[in-house]
Amino acid sequence: MGRREHQAKAPKSISLAVITVSDTRTEAEDESGALIRRLCVKAGHTVAAYRLVPDEPAQVRSALWELLARPDVRAILINGGTGISARDRTFEAVSATLGRRIDGFGELFRALSYAQIGPAAMLSRAVAGIASGVAIFSMPGSPPAVRLAMEKLILPEIGHVVAEAAKLS
């Protein structure tokens, strides 16, 4: 089956969760988490859960495992904590959770980001993969990075990725 057939058979509406990882933002200030939720709803998806957690690997993993246990969550979209500063530890928490990585997500995100911000794009540790049959995408927390990841990569393929991930559970 080709790409078009896979996409045609993919679900058009996904129930998903959003996690914002930040030591400084409150829910009222979480512009990126709100942007993800708005873009998902506009695309016809359902946001079943939202979490704001500090950039502490144990708390990120705990939020992930809680959401992975929910039968109504088919994808988890994470923003924040993907840089290289001492407090940016989302990559480690997410990577340790993934059973299968989707390396192309991070590679494509950095390539697209390079066109916008230049060589600083190499500092992003955006990552995606599958855990327990659920698609997980982890992107930087800035609103421009979120918009780029969502509009150019995640939303165009999320149905296809979720359909493939379900075959692994």
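Isoleucine 14 is buried, with a relative accessible area of 2%; buried means under 20% relative accessible area, exposed means over 50%, and partly exposed lies in between, for a 1.4 Å probe and protein chains only. The place of isoleucine 14 is the loop between α1 (3–9) and β1. Helices (H or I, at least four residues) and strands (E, at least two) are DSSP runs, numbered from the N terminus. Leaving aside neighbours within four places in sequence, isoleucine 14 is in contact with His45, Thr46, Arg74, Ala75, Ile158, Gly159 and Val162, where contact means heavy atoms within 4.5 Å.

Before going further, I should state what kind of model this is. It is a predicted model, in which local features need pLDDT of at least 70 and side-chain atom pairs count only at pLDDT 80 or more, while totals for chains, interfaces and linings use all residues. Residues are numbered from 1 along each chain as its sequence is written, and side-chain values use heavy atoms, with hydrogens and water left out.

Let us stay with isoleucine 14 for a moment. Its C-alpha atom is separated by 9.9 Å from that of alanine 163, although the two residues are 149 residues apart along the chain. Alanine 163 belongs to helix α6. Is alanine 163 buried or partly exposed? Alanine 163 counts as partly exposed, because its relative accessibility is 23%. Apart from neighbours within four places in sequence, alanine 163 is in contact with Ala10 and Pro11. The C-alpha atoms of alanine 163 and glutamine 7 are 9.2 Å apart, with their positions 156 residues apart along the chain.

I now turn to the sheet. It is an open sheet of 6 strands in the order β2-β1-β3-β6-β5-β4, with mixed pairing; two strands pair if DSSP finds at least two bridges between them. The edge strands, β2 (46–53) and β4 (100–101), each pair on one side only.

Consider β1 first. Strand β1 is largely enclosed by the rest of the structure, because 7 of its 7 residues are buried. Both of its faces are covered: Ser15, Ala17, Ile19 and Val21 are buried on one side, and Leu16, Val18 and Thr20 are buried on the other. Strands β1 and β2 run parallel and are joined by 7 bridges. Alanine 17 has alanine 49 in β2 as its bridge partner.

Next come β3 and β6. Strand β3 (residues 75–79) pairs with strand β6 (residues 134–139) in the parallel sense over 5 bridges. Within this pairing, isoleucine 78 stands opposite serine 138 in β6. Helix α6 (residues 143–166) packs on the sheet and touches β1, β3, β5 and β6, its direction making about 165° with that of β6. These angles run from 0 to 180 degrees between N-to-C directions, and the axes are lines fitted to C-alpha atoms, for helices over the stretch in contact. Helix α3 (residues 57–68) lies across β1 (15–21), β2, β3, β5 (127–131) and β6, and runs at about 160° to β2.

Why is β5 described as largely enclosed by the rest of the structure? The description applies because 5 of the 5 residues of β5 are buried. Val127, Gly129 and Ala131 point one way, Ala128 and Ile130 the other way, and all are buried. Strand β5 runs antiparallel to β4, to which 2 bridges join it; the partner of arginine 100 in β5 is isoleucine 130. Strands β5 and β6 are also antiparallel, with 5 bridges, and glycine 129 has isoleucine 136 in β6 as its bridge partner.

These two strands, β5 and β6, form a hairpin with 2 residues between them, and serine 132 in the turn has a positive phi of about 50°. Most residues other than glycine have a negative phi.

Finally, I come to the largest pocket. A pocket is an open set of points, on a 1 Å grid over the protein atoms alone, where a 1.4 Å probe fits, with protein on both sides within 12 Å along at least five of seven lines; lining residues have an atom within 4 Å of a point. The largest pocket is lined by 13 residues, and Phe109, Ser113, Ile117, Ser142 and Ala145 lie nearest its centre. Helix α5 supplies the largest share of the lining, 4 residues. Serine 113 lies in helix α5 and counts as buried, at 7% relative accessibility. Beyond its neighbours within four places in sequence, serine 113 is in contact with Gly118, Ala121 and Leu148.
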